[in-house]
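Look at the sequence and the model together, and keep both in view while reading. The text below goes through a few places in turn.

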Amino acid sequence: MLKTLSILFAMCAMTAGALTASASDKPNIIIIYADDLGYGDLGCYGHPTIRTPNLDRMAAEGMRFTEFYSTAEVCTPSRAALMTGRYPVRNGMCHDKFRVLRNNSKGGLPKDEVTLPELLKTQGYATGMVGKWHLGHLPEHLPPHHGFDSYFGMPFSNDMMPAPDAPKGRERFFAENNDYWKTPLIRGTEIVEEHPDQRQLTKRYSDEAVRFIKEKKNAPFFLYVAHSFPHVPLFASENFRGKSPAGIYGDVVEELDWSVGQILDTLRAEGLDEKTLVVFSSDNGPWLIFDDHGGSAGLLKEGKGSTWEGGMRVPGIFWWPTKIPAGSIQREMANTMDVFATCALLGGATLPETKIDGIDISPLLFGTGTVDRPPFMYYRGATLYACRLGRWKAHFLTQPAYGTPKAEPHDPPQLYQVKIDPGERWDRAALNPDVIAQIKSAVEQHRAGLQMAPTQLEETVATAP
Ligand code: MG
């Protein structure tokens with residue numbers, strides 16, 4: 001009901017807004033989301049051997065954030081936050097033990113959550129999604145039931161359905177053998193391929209994205225391209241396999257970079273570049289337990305699965321020629337929930353009445369002002385581990401991403417000045433009790449206003465698709 005009211009309200013706002021702005025004034029919006037790409041994995045973020053000329057050019061023509069965060073340290077909650085602008089504890093898309101939806105999960109993003117494509121549809125947008133969804137794979141949870149007119153991609157991670165005869169354990173991840181993996185491809189809400197060739201996946205996602213842009217170029221459109229890679233198992237097509245000085249991980253990231261180039265070149269060729277906002281980011285940090293098949297968080301500590309900076313601080317590049325100052329480097333914090341709020345407002349929508357945790361960062365993007373940055377909460381599953389307030393980050397709980405079943409509590413919390421110490425090496429708690437008091441108060445305020453939703457990640461079905 002609340003959702004229906006929110007959408008109706010947004011539609012009324014559109015009717016009123018139509019007097020001042022026609023549909024053609026609205027920017028197209030494209031979000032490109034990599035899977036498990038680390039903070040240090042791109043040329044423009046300092047990687048010495050992975051070649052990313054297209055993303056480097058995107059950054060040179062747009063804005064590169066140095067403190068951009070995914071809202072979670074693993075896939076499902078991260079994607080829920082991007083789609084809804086809310087901490088995943090508000091909509092049940094997180095769980096301390098299960099962490100993500102699996103191929104036998106019954107749950108998905110709750111129907112009453114208002115998604116970014118739903119909001120943009122109220123403003124006349126054509127909406128499409130290509131790639132990994134991971135917010136529920138049963139037909140009723142798929143993108144067409146959450147505001148997307150079209151969908152083509154994998155419903156969850158590319159490692160979630162190993163073939164029954166594949167080797168057990170880690171060996172299968174390093175084998176680069178497509179026969180070992182059976183994650184299906186879906187179009188709309190139907191499985192169209194039971195056993196796709198993952199070597200062709202990035203190319204096929206790109207072709208779909210380019211086709212969508214060309215087909216929808218006369219209406220404002222929203223396109224969400226969520227790549228399956230560089231999540232393991234790694235696969236690249238024949239044009240990239242064995243080409244990167246950085247090995248197979250480099251091959252895969254260089255093909256993703258090529259794909260970004262395909263999208264930006266299409267926008268230029270179609271004359272859409274000056275009316276399209278493109279955002280590039282990653283759902284969480286690198287999966288470090290996979291050795292050279294995992295990426296790098298650069299100078300940050302830890303990776304995927306952790307609330308240390310390397311688990312959640314990721315590349316964040318924003319591109320909109322003539323609107324976003326070219327070659328700008330943004331050192332203010334931002335996060336994926338802000339992408340929700342900013343894109344919804346740029347599209348002319350009104351934000352839902354429910355609590356939205358993201359803020360409008362268009363003053364940062366356009367160089368027109370500052371923003372009032374709320375504290376940022378680092379959750380692992382449904383548990384709050386850390387909080388960042390301005391330059392400071394306090395860890396109430398710490399835990400390595402893998403291998404340690406229990407979190408270590410800290411009272412006083414460990415305190416790092418992450419502008420000076422992005423690698424979180426020097427605990428400054430003893431010297432700054434006043435900062436700790438401020439952060440504790442911010443956390444209390446957050447908790448006081450928090451209505452935790454029941455988790456959607458627990459219930460399972462007997463059989464996978
Ligand atoms: Mg991921």
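What follows covers a metal site, a pair of packed helices and two loop residues. The model is a predicted one.

Start with the metal. Which residues supply the protein donors of the magnesium ion? They are Asp35, Asp36, Cys75, Asp283 and Asn284, with Asp283 listed for two OD donors. Cys75 contributes its SG atom, and Asn284 its OD1 atom. These donors lie 2.1 to 2.7 Å from the ion. Along the chain, the donors follow the spacing D-D-x38-C-x207-D-N. One pair, Asp36 and Cys75, links distant parts of the chain, the two residues being 39 residues apart. Asp36 is in the loop between β1 (28-34) and α2 (53-61), while Cys75 is in helix α3 (residues 75-84).

The angles at the metal come next. For six octahedral donors, the ideal angles are 90 or 180 degrees. The six donor atoms around the magnesium ion subtend angles of 53 to 157°, so the arrangement is irregular. Are the two linked residues buried or exposed? Asp36 counts as buried because its relative accessibility is 2%, under the cut-off of 20%. Cys75 counts as buried because its relative accessibility is also 2%.

Now turn to the helices. Two packed helices are described by the angle between their axes and the distance between the axes. For α2 and helix α7 (residues 247-269), the angle is about 50° and the axes are 7 Å apart. The angle therefore makes α2 oblique to α7. On the α2 side, the residues that meet α7 are Pro53, Asn54, Leu55, Arg57, Met58 and Glu61. Their partners in α7 are Asp257, Trp258, Val260, Gly261, Leu264, Asp265 and Arg268. By class, this contact has six nonpolar, two polar and five charged residues.

Two loop residues remain. Ile289 sits in the loop between β8 (276-282) and α8 (309-312). Ile289 counts as partly exposed because its relative accessibility is 32%. Beyond its neighbours within four places in sequence, Ile289 is in contact with Arg170 and Tyr402. Ile289 and Gly403 are 114 residues apart in sequence, and their C-alpha atoms are 9.9 Å apart in space.

Lys216 lies in the loop between α6 (201-215) and β7 (221-226). With a relative accessible area of 29%, Lys216 is partly exposed. Leaving aside neighbours within four places in sequence, Lys216 is in contact with Ala126 and Phe221. Lys216 and Asn28 are 188 residues apart along the chain, and 9.8 Å separates their C-alpha atoms.

Methods: Residues numbered from 1 in each chain as written. Predicted model: local features only at pLDDT ≥ 70, side-chain atom pairs only at ≥ 80, totals over all residues. Heavy atoms only, no water. Donors = N, O, S within 2.8 Å, 3.2 Å for Na, K, Ca; no water. Tetrahedral: all angles 85-135°; square planar, octahedral: opposite > 155°, others 65-115°. Helix = DSSP H or I, 4+ residues; strand = E, 2+ residues; numbered from the N terminus. Buried < 20%, exposed > 50% of the residue type's maximum accessible area, 1.4 Å probe, protein only. Axes fitted to C-alpha atoms, helices over the stretch in contact; angles between N-to-C directions. Parallel < 35°, antiparallel > 145°, perpendicular 65-115°, else oblique. Contact = heavy atoms within 4.5 Å. Nonpolar A, V, L, I, M, F, W, Y, C, P; charged D, E, K, R; others polar.
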